[in-house]
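Here are my notes on this model, set out as numbered points. I hope they help as you look through it.

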Amino acid sequence: MSDYPTELLTFHGWGFSSDIWQSWESYLPPDLRVQHAERGYFGEGGVPQFEEEGSHKVILTHSFGLHWCPRPLIEQADHLVIISGFLSFHPERELAERRSRLLFQQMMSRFVEKPHEVLAQFYRNTYSPSESPAAPYGEINGESAGEIRGGISHDRLLEDLGQLGTVRMGPEELHRIPALTLIHGEEDAIVSNRKGRGIYRLLNRRSRYLEVKHAGHAVPFTHPEICCKFLNPVLQHQAVGDL
């Protein structure tokens with residue numbers, strides 16, 4: 001255990017809010033300093049900053065969160081946690097990429113006219129193979145139409161949806177980070193586990209990888225205890241050899 005405090009900044013994925021991390025509260029170390037970034041899909045956005053000089057700085061991203069997290073902030077991190085992540089969204093194989101891009105364009109077209117239906121289907125796919133809860137983070141009611149209570153930032157969601165299909169992070173950017181932890185769901189229906197395994201192969205000497213069986217894209221929210229247990233040595237600033 002280090003005498004230096006640990007600061008944790010989280011970045012949620014597309015279509016969610018920072019409320020999604022509430023399921024982690026009972027599993028995190030009590031002395032951990034946590035701040036949640038907010039993209040602004042369902043209210044005001046905001047990006048926290050590391051505040052303690054000399055602290056052990058950890059950034060935790062879920063899915064698209066890796067790409068809207070400011071690069072200068074990532075460069076400050078001592079440890080980067082990538083959950084359900086990707087360097088580029090679409091598959092690399094030509095036929096699979098073509099099909100993925102077509103489905104993505106259809107999703108964007110539907111979102112323009114029926115954003116609530118697209119979000120509801122997205123949540124079902126995100127939580128698969130688990131059942132999507134009626135309120136995955138406090139924004140969805142239990143009606144079959146999947147309507148959202150209150151307003152949504154339609155423009156922000158659509159803009160980021162477009163970016164999601166085009167963003168790309170080079171592996172050299174990850175090589176600058178001292179240490180990484182990767183977590184992926186075995187049955188991720190949004191981002192194939194091949195993406196997580198691919199990142200691990202690029203960085204296997206400097207990273208740790210956990211693949212959770214019977215879990216999907218929402219693995220940090222369907223299996224928070226497993227994820228937090230795997231991350232505890234990082235959050236308590238223990239050496240990898242202590243695992």
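**Notes on the predicted model**

1. Let me start with a cysteine. Cys-228 is buried, with a relative accessible area of 1%. This cysteine takes part in no disulfide, and the nearest cysteine sulfur, that of Cys-227, lies 6.8 Å away. Since a disulfide here needs two cysteine sulfur atoms within 2.5 Å, that distance leaves Cys-228 unpaired with Cys-227. Cys-69 is likewise buried, at a relative accessible area of 2%. For the structure as a whole, the disulfide count is zero.

2. Please keep in mind that this is a predicted model. Mean pLDDT over the chain is 88, with 89% of the residues at 70 or more. Which elements mark the two ends of the range in mean pLDDT? Strand 4 (residues 79–83) has the highest value, 98, and helix 3 (residues 94–113) the lowest, 89.

3. One stretch calls for care: across residues 137–150 the pLDDT is below 50. The model nevertheless gives this stretch 29 contacts beyond near neighbours in sequence. Where pLDDT is low, predicted coordinates should not be read in detail, so I would treat those contacts with caution.

4. On the overall fold, the chain has nine helices and six strands. Of its 243 residues, 51% are buried. Among contacts with a separation of 6 or more, 72% join residues 24 or more positions apart.

5. Helix 7 (residues 193–203) deserves a look. Its buried residues are Asn-193, Lys-195, Gly-196, Gly-198, Ile-199 and Leu-203. What covers them? The cover includes helix 6 (171–175), strand 5 (179–185) and strand 6 (207–212).

6. Now for the internal space. The structure holds one cavity of 30 Å³ or more, and the largest cavity has a volume of about 40 Å³. The residues lining the largest cavity are Ile-82, Ser-84, Gly-85, Leu-182, Ile-183, His-184, Gly-196, Ile-199 and Tyr-209. Strand 5 and helix 7 are the elements that give two or more residues to this lining. Strand 5 provides the largest share, with three residues.

7. Two residues tie the last two points together: Gly-196 and Ile-199 are buried in helix 7, and both line the largest cavity. Strand 5 also appears twice, as part of the cover over the buried residues of helix 7 and as a contributor to the cavity lining.

8. Finally, what is the make-up of the lining by class? The lining of the largest cavity has five nonpolar residues, four polar ones and no charged ones.

Methods
Residues numbered from 1 in each chain as written. Predicted model: local features only at pLDDT ≥ 70, side-chain atom pairs only at ≥ 80, totals over all residues. Heavy atoms only, no water. Buried < 20%, exposed > 50% of the residue type's maximum accessible area, 1.4 Å probe, protein only. Helix = DSSP H or I, 4+ residues; strand = E, 2+ residues; numbered from the N terminus. Contact = heavy atoms within 4.5 Å. 1 Å grid on protein atoms, 1.4 Å probe; cavity = no way out; pocket = protein on both sides within 12 Å on 5 of 7 lines; lining within 4 Å. Points joined across faces, edges and corners; volume = space filled by probe spheres on them. Nonpolar A, V, L, I, M, F, W, Y, C, P; charged D, E, K, R; others polar. pLDDT = per-residue confidence, 0-100.
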